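This report walks through the core, one helix pair and the charged side chains of the structure shown here. It is best read with the model open alongside.

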Amino acid sequence: MTSQRKKAPVRAALTRAHALQAAGEEGRALEVLVELVRAAPADAAARSALADFLALQGRPAEAIESYEKALALEPDAPAVLMSLARLYLRHAEAAKAEETLRRAVARKAGPEASLLLGELLKDKGASDEAAPHLRRAAA
């Protein structure tokens, strides 16, 4: 089976979960995502989608665990690194956010990673270290 054909059921389940969530059926959307992860435990996108949903539902500990499992499968996934970093920032986990943002910047996750890392460093008084990240974000 080709990679595209293997991913089709994952995409279909993600679409269904998003549709259920949009319709206000969060419980059913969560069931779809949990079942998807059960059926495709090695799919980082499935784990990341579950983590996104859990974060939106105000379940940060579970979301972090799911993001970390997604990163164990795809350590260089910039979108997952950024989602995890944002979650750490929202929950005042500055040290973990910094570590995650450094990984994201190293993997060229884009200007937002540099901006967030630069702001975090500046806030903790490391302006000299923050400056190149902020310049990179502005470029």
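In this predicted model, the largest nonpolar core has 44 residues, and among these Leu33, Tyr67 and Leu101 touch the most other members. Helices α1 (3–22), α2 (26–39), α3 (44–56), α4 (60–73), α5, α6 (94–106) and α7 (111–123) each supply at least two residues of this core, with the largest share, eight residues, coming from α3. In soluble globular proteins, nonpolar side chains tend to be buried together.

Leu101 shows how one of these core residues is surrounded: leaving aside neighbours within four places in sequence, Leu101 is in contact with Met82, Ala85, Leu89, Ala113, Leu116, Leu117 and Leu120. Thr100, which lies in helix α6, is buried with a relative accessible area of 4%, a value that falls under the 20% limit for a buried residue. With the same exclusion of neighbours within four places in sequence, the contacts of Thr100 are Leu81, Leu84, Ala85 and Tyr88. Ala85 is thus listed among the contacts of both Leu101 and Thr100.

Ser83 belongs to helix α5, which spans residues 78–90, and is buried, with a relative accessible area of 15%. When residues up to four places away in sequence are not counted, Ser83 touches Asp52 and Tyr67; Tyr67 is also one of the three residues that touch the most other members of the core.

**The α6 and α7 pair**

Two packed helices are described by the angle between their axes and the distance between the axes. The axes of α6 and α7 come within 9 Å and cross at roughly 145 degrees, and the crossing in which α6 passes α7 is left-handed. On the α6 side, the contact is made by Ala94, Ala97, Glu98, Leu101, Arg102, Ala104 and Val105, while α7 contributes Ala113, Ser114, Leu116, Leu117, Leu120 and Leu121. Sorted by class, this contact of α6 with α7 has ten nonpolar, one polar and two charged residues.

**Salt bridges**

Side chains of opposite charge can pair when their charged atoms come close. The structure holds nine salt bridges, and the table gives three of them with the distance between N and O atoms.

| Residue | Partner | N to O distance |
|---|---|---|
| Glu62 | Arg59 | 2.8 Å |
| Lys69 | Glu65 | 3.1 Å |
| Arg102 | Glu98 | 2.8 Å |

In the pair of Glu62 and Arg59, Glu62 is partly exposed, with a relative accessible area of 37%, and Arg59 is likewise partly exposed, at 30%. Lys69 and Glu65 are separated by about one helical turn because they are four residues apart in helix α4. Lys69 is partly exposed, with a relative accessible area of 39%, and Glu65 is partly exposed as well, at 44%.

Which residues do salt bridges that share partners join to Glu98 and Arg102 in one network? Arg102 and Glu98 are themselves four residues apart in helix α6 and therefore separated by about one helical turn. Arg102 counts as partly exposed at 32% relative accessibility, whereas Glu98 is buried, with a relative accessible area of 13%. Through shared partners, the network joins Glu98 and Arg102 with Lys124 and Glu129. Both Glu98 and Arg102 also take part in the contact of α6 with α7.

Key:
Residues are numbered from 1 along each chain as its sequence is written. This is a predicted model: local features need pLDDT of at least 70, side-chain atom pairs count only at pLDDT 80 or more; totals for chains, interfaces and linings use all residues. Side-chain values use heavy atoms; hydrogens and water are left out. Buried means under 20% relative accessible area, exposed over 50%, partly exposed in between (1.4 Å probe, protein chains only). Contact means heavy atoms within 4.5 Å. A nonpolar core is a set of buried Ala, Val, Leu, Ile, Met, Phe, Trp, Tyr and Cys residues joined through side-chain atoms within 4.5 Å. Axes are lines fitted to C-alpha atoms, for helices over the stretch in contact, and angles run from 0 to 180 degrees between N-to-C directions. A crossing is left-handed if the near helix is turned anticlockwise from the far one by less than a right angle, and right-handed if clockwise. Ala, Val, Leu, Ile, Met, Phe, Trp, Tyr, Cys and Pro count as nonpolar, Asp, Glu, Lys and Arg as charged, and the others, Gly among them, as polar. A salt bridge is a side-chain nitrogen of Lys or Arg within 4 Å of a carboxyl oxygen of Asp or Glu.
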